[in-house]
Amino acid sequence: MSEPVQTPQTFPTRIFSGIQPSGGLTLGNYLGALKRFVQKQDEGIETIYCLVDMHAITVWQDPAKLRQQTREAAAGFIAAGIDPVRSILFNQSQVSAHVELAWIFNTVARMGWMSRMTQFKDKAGKNSENVSLGLFAYPALMAADILAYKATHVPVGEDQKQHIELTRDIAAKFNNDYGVNFFPITEPVIEGAATRVMSLRDGTKKMSKSDPSDQSRINLTDDADTIAKKFRKAKTDSEPLPSALDGLKDRPDARNLVNIYAALADMTPQAVIAEYAGAQFGTFKPALADLAVAKLSPITTKMSDLMQDPAEIDRILGEGAARADAIARPIVDQVYDIIGMIRSRH
Ligand code: AMP
Ligand code: TRP
């Protein structure tokens, strides 16, 4: 962890992050998020990871598929190295503190702040009259996810930076409005070579589980053959790789493949360029495919083994939810007290 949290009162380091179970996990999720979640856990930091099913339903989800994808994401986390004993791993809807705090944050966040969210604008497109109210309120629920645990650090991909900034604004406004120093001002942790993995068909677009073209992404469930084929067919230009990173500036497709290689091999993009300077894609792509298969197929195999026992996955999520609830419940109860709600039931 680089810098201490900049708040007048120090909060103990606690990591929280989430992934939507709205489709299968992609290489973007793996490199931008999951792989780094495992590193944080292995550094011995307190880590809480959540499958945000309540976020997923802000766009339509088929119930049977949502259930399946939530289990599959949990299996993906464990297969990638999340240890459900050292980390807390659970699905959001099992811990009601999230939606309770989200409602309160709906009253803290301002319409103007929410209207500026680029993910909403992208997802709503020209259809903003017809998307769900939940899609608009989505970032307030995300702030609640994080602040229900007073999490100090949130590892995410580049695309989530604006949402974390909103979380900081909500925490600061809450603290200020109520004259307390209750919530930390959370730091985004966006680091490594692959904070923004791009589509294999278009190096200017994010690799996404919702892209209609399956060729645009590597899924964690793809077999070795499919992974190799997708990399071989990835869009590139006809130039060889340059001898310095600068030479990739205006070559988004090439730059993306170099970044993916670097992140998979735990190298810097500079080191990859040094190794492959002057190489044609005919050489680089098979090397990248081999590397990706070597790194991803153990995860894919473990994932499908775990999926053989859905009851065990549900048990792990339930246990994680109980541990998460034990942290979040008292925090949200204190929030009710701060804002003046009578709590006389207990
Ligand atoms: P989502 O799939 O939108 O729930 O994203 C879950 C996590 O994966 C977030 O931290 C995202 O920033 C990260 N992520 C998703 N897609 C990418 C991508 N193409 N490159 C890097 N990180 C990504
Ligand atoms: N909005 C995130 C995404 O789409 C998912 C998410 C929800 C999240 N709650 C979170 C990420 C809390 C980090 C922390 O990628």
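Arg168 sits in helix H8, which covers residues 161-177. In this predicted model, Arg168 has a relative accessible area of 26% and so counts as partly exposed. Here is one distance to try in your viewer: between the C-alpha atoms of Arg168 and Lys249 there are 32 Å, and the two residues are 81 apart in sequence.

A second pair gives another ruler across the model. Met267 is found in the loop between H10 and H11, and with a relative accessible area of 25% it is partly exposed. From the C-alpha of Met267 to that of Ile342 the separation is 55 Å, for two residues that stand 75 apart along the chain.

**The parallel strands**

Let us turn to the strands, beginning with E2. How many of the six residues of strand E2 are buried? Five of them are, so this strand, residues 46-51, is largely enclosed by the rest of the structure. E2 pairs with strand E1 (residues 14-19) through six bridges, and the two run parallel. Within that pairing, Phe16 stands opposite Ile48 of E2.

E2 also pairs with E3: five bridges join them, again in a parallel arrangement. Cys50 has Phe90 of E3 as its bridge partner. Strand E3 spans residues 87-91, and five of its five residues are buried, which leaves the strand mostly covered. The side chains of E3 are worth a look from both sides. Ser87, Leu89 and Asn91 point one way, Ile88 and Phe90 point the other way, and all of these residues are buried.

**Salt bridges**

Side chains of opposite charge can pair when their charged atoms come close. The model holds 20 salt bridges, and three of them are set out here.

| Salt bridge | Closest N to O distance |
|---|---|
| Asp314 and Arg71 | 2.8 Å |
| Asp253 and Lys235 | 3.4 Å |
| Arg217 and Asp214 | 3.5 Å |

Take the bridge between Asp314 and Arg71. Asp314 belongs to helix H13 (residues 310-339) and Arg71 to helix H3 (residues 63-80), so the contact ties together parts of the chain that are 243 residues apart in sequence. Asp314 has a relative accessibility of 33%, and therefore counts as partly exposed.

In the bridge of Arg217 with Asp214, is Arg217 buried or exposed? Arg217 is buried, because its relative accessible area is 9%, under the 20% cut-off. Its partner Asp214 is partly exposed, with a relative accessible area of 34%.

Next comes the bridge between Asp253 and Lys235. Asp253 lies in helix H10 and Lys235 in the loop between H9 and H10, so this pair ties together parts that are 18 residues apart in sequence. The acid, Asp253, counts as buried at 12% relative accessibility, whereas Lys235 is partly exposed with a relative accessible area of 39%. Salt bridges can also link up through shared partners, and in this way Glu100, Arg329, Asp333 and Arg343 are joined into one network.

**A positive patch on the surface**

Which residues form a positive surface patch? They are Arg201, Lys229, Arg232 and Lys233. Lys229 is a handy one to pick out, as it lies in helix H9, residues 224-232. Why can Lys229 be part of such a patch? Its relative accessible area is 43%, so Lys229 is partly exposed and passes the requirement of over 30% that patch residues must meet.

**Two backbone angles to check**

Most residues other than glycine have a negative phi. Two residues of this model are worth a glance for their backbone angles. Lys150, which is not a glycine, has a positive phi near 50°. Lys150 is placed in the loop between helix H7 (133-147) and strand E4 (153-155).

Asp266 is likewise not a glycine, and its phi is positive, at about 55°. Where does Asp266 lie? Asp266 is in the loop between helix H10 (252-265) and helix H11 (269-276). Because its relative accessible area is 54%, Asp266 counts as exposed.

Terms used: Residues are numbered from 1 along each chain as its sequence is written. Chains are lettered from A and ligands numbered from 1 in the order in which they are written. This is a predicted model: local features need pLDDT of at least 70, side-chain atom pairs count only at pLDDT 80 or more; totals for chains, interfaces and linings use all residues. Side-chain values use heavy atoms; hydrogens and water are left out. Patches are made of residues with over 30% relative accessible area and no salt bridge: like charges are joined within 9 Å, nonpolar side chains (Val, Leu, Ile, Met, Phe, Trp, Tyr) within 5 Å. Accessible areas come from the Shrake-Rupley method with a 1.4 Å probe; for residues, only the protein chains shown count as cover. A salt bridge is a side-chain nitrogen of Lys or Arg within 4 Å of a carboxyl oxygen of Asp or Glu. Lys and Arg count as positive and Asp and Glu as negative; His and the chain ends are not counted. The place of a charge is taken as NZ of Lys, CZ of Arg, CG of Asp or CD of Glu. Helices (H or I, at least four residues) and strands (E, at least two) are DSSP runs, numbered from the N terminus. Buried means under 20% relative accessible area, exposed over 50%, partly exposed in between (1.4 Å probe, protein chains only). Two strands pair if DSSP finds at least two bridges between them.
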